[in-house]
Amino acid sequence: MGYIEELKNVLGDKVMTEEFERFIFGADWSPRTTDEIFMPDVVICPRSTDDVVKTVRIAYEHGIPVTAGGGLTGMAGGAVPIHKGIYIDGTCLNKIIEVDVKNQTIRSQSGASLQDLVDAGEPHGLWFPVLPESKWSCTIASAIACDNDSTFGMKYGKPLNQVLSIELVTGKGEVIEVGHRKTRFSASGYKLKDLVIGSEGTLGVITAATVKMEPVPEHRYVDMIIFPSMGRAVEYLDAILKMGLVPEGAHINCKRRLKFYTHAYKEKHGHDPKVPDWAGSLLAIIFAGDREVVDFSLEKAYSLANEMGGQVVEEREIVDNWWISKHTLDFPPFKQKWPASQKEKKFGAADPGVPMGRLEDFYEKFIETAEKYDLEVLGMNAYLEHPGSIGFSLSCALFVDYRNQDEVDRYRKYFEEMSKIAVDMDGTMSTYMSDTDLKVP
Ligand SMILES: Cc1cc2nc3c(=O)[nH]c(=O)nc-3n(C[C@H](O)[C@H](O)[C@H](O)COP(=O)(O)OP(=O)(O)OC[C@H]3O[C@@H](n4cnc5c(N)ncnc54)[C@H](O)[C@@H]3O)c2cc1C
């Protein structure tokens, strides 16, 4: 009997083989032409860990490749089944298993979205702070598999900081639990849980996880400060930390990148938001907690900005637009996050990281490398992602014509070169997408 027949015998209608059922699993958000869509041979929609075990055991016996995916918003092709075979649609495993209010944890199946964790905690005054822009589609398994970014990373960090325990089905179909159950840390044994974080599905299929929840902040305020350069914004944040202030989040946008986040503003006013000619970067800074403490922090932050040559953005609508695009995505009059130009050209980003003192140099390299490969620059973001210190993820974004194979190929060369430049600057080739075959062919 063929392996697909065997799967159907044990899993019934959780097995999908029709072309129209398999087609959408052949690509994610990474720029690729239609020639580069890799449809899996069969798609499994598991409802339990046991369904995953049965699938993986059959795959192992027959030597069939298995790819696990979530919301398919990955931007580096990690969930694209380039070897075909079996695709496990992780979004089917989407149940919240337990909300433990006393211990401030949630246990859920791995395909719950990050927003599902927020919604489950909310009635109990709990909040899950690892929230990328894609929180409605990004699953907890994918967040673990990529160690992705968060809007609130400067206070809470990444999945590495918030995930306590992970259930995994290994390549032979064994179920293991790695981590320290509901405790915050452990000095017992190897850090196998940390090994799984960022492993991109190469160590097994994640089926459940326990995460640390946080109290819902009473009050939050977001503002934006203009600086003459990216480097000056970094110096400012360093000074903020030295003062003892604790921002919940911080994001440094280059001037071009701001436009990308404010297309709703342009739709409404017929022009881009005005920023001074001398602006080199726009820092978005977030404070949250007790209202008086937030107000006090803001007062200190504004006065320091003034001393360091920064200028608070006067037009509140610019800040509100950025925040809507970044976090709430409630976009009147149309609910589209990214500009209409996405229909012509797709957003493509390299995600390397460099140490804090190299950001300015790296920005120049970004522009140079994009020009070398004749690609249209969209802009750079530095997301602060290390709790209480300066550590950033970079999004070095371009527009890529996904219908043009030559342009997609040039984009991939750009991507690879940016990774090498970052490593040569004592950095890392990935900060939130992980490696995938784009960087490690
Ligand atoms: C509009 C938009 C905004 C975005 N904003 C951000 C952002 O703010 N911050 C950020 O970091 N990223 C962002 N991203 C990129 C993307 O959302 C994240 O990388 C996210 O982690 C992908 O989640 P997903 O569920 O869509 O993953 P997928 O693309 O489905 O998969 C991603 C990886 O996880 C692995 N995986 C999935 N499920 C499992 C499983 N059960 N077991 C083992 N491995 C598994 C896959 O094999 C793959 O390697 C954005 C993307 C888009 C399209």
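In this predicted model, helix 14 and helix 15 (residues 405–424) cross at roughly 155°, and their axes come within 10 Å. Since angles over 145 degrees count as roughly antiparallel, helix 14 is therefore roughly antiparallel to helix 15. The crossing in which helix 14 passes helix 15 is right-handed. On the helix 14 side, the contact is made by Phe362, Lys365, Phe366, Thr369, Ala370 and Lys372, which meet Tyr414, Glu417, Met418, Ile421 and Ala422 of helix 15. Sorted by class, the residues of this contact between helix 14 and helix 15 comprise 7 nonpolar, 1 polar and 3 charged.

Helix 14 (residues 359–372) also packs with helix 9 (residues 230–243), here at an angle of about 150° and with the two axes 8 Å apart. This angle makes helix 9 roughly antiparallel to helix 14, and the crossing of the pair is right-handed. Met230, Gly231 and Val234 are the helix 9 residues involved, and they meet Leu359, Glu360 and Tyr363 in helix 14. The contact of helix 9 with helix 14 divides into 4 nonpolar residues, 1 polar and 1 charged.

Following helix 9 onward leads to another partner, helix 12 (residues 291–307), with which helix 9 packs at an angle of about 135°, the axes being 11 Å apart. Helix 9 and helix 12 are therefore oblique to each other. Their crossing is right-handed. Helix 9 contributes Tyr236, Ala239, Ile240 and Met243 to this contact, and these meet Lys300, Ala301, Tyr302, Leu304 and Ala305 in helix 12. By class, the contact of helix 9 with helix 12 holds 8 nonpolar residues and 1 charged residue, with no polar ones.

Attention now turns to the ligand. There are 31 residues around the ligand, and those that come nearest are Ala68, Gly70, Thr73, Ser134 and Asn148. Several backbone atoms also make polar contacts with the ligand. For Gly71, a backbone N or O atom lies 2.7 Å from a ligand oxygen atom. For Gly78, a backbone N or O atom is placed 3.4 Å from an oxygen atom of the ligand. Ile206 offers a polar backbone atom as well, in this case 2.9 Å from a nitrogen atom of the ligand.

Definitions and conventions. Residues are numbered from 1 along each chain as its sequence is written. This is a predicted model: local features need pLDDT of at least 70, side-chain atom pairs count only at pLDDT 80 or more; totals for chains, interfaces and linings use all residues. Side-chain values use heavy atoms; hydrogens and water are left out. Axes are lines fitted to C-alpha atoms, for helices over the stretch in contact, and angles run from 0 to 180 degrees between N-to-C directions. Helices (H or I, at least four residues) and strands (E, at least two) are DSSP runs, numbered from the N terminus. Angles under 35 degrees count as roughly parallel, over 145 as roughly antiparallel, 65 to 115 as roughly perpendicular and the rest as oblique. A crossing is left-handed if the near helix is turned anticlockwise from the far one by less than a right angle, and right-handed if clockwise. Contact means heavy atoms within 4.5 Å. Ala, Val, Leu, Ile, Met, Phe, Trp, Tyr, Cys and Pro count as nonpolar, Asp, Glu, Lys and Arg as charged, and the others, Gly among them, as polar. A residue is near a molecule or strand if one of its heavy atoms lies within 4 Å of it. A polar contact is a pair of N or O atoms within 3.5 Å; within protein, one must be able to donate a hydrogen and the other to accept it, and residues adjacent in sequence count only if both atoms are side-chain atoms.
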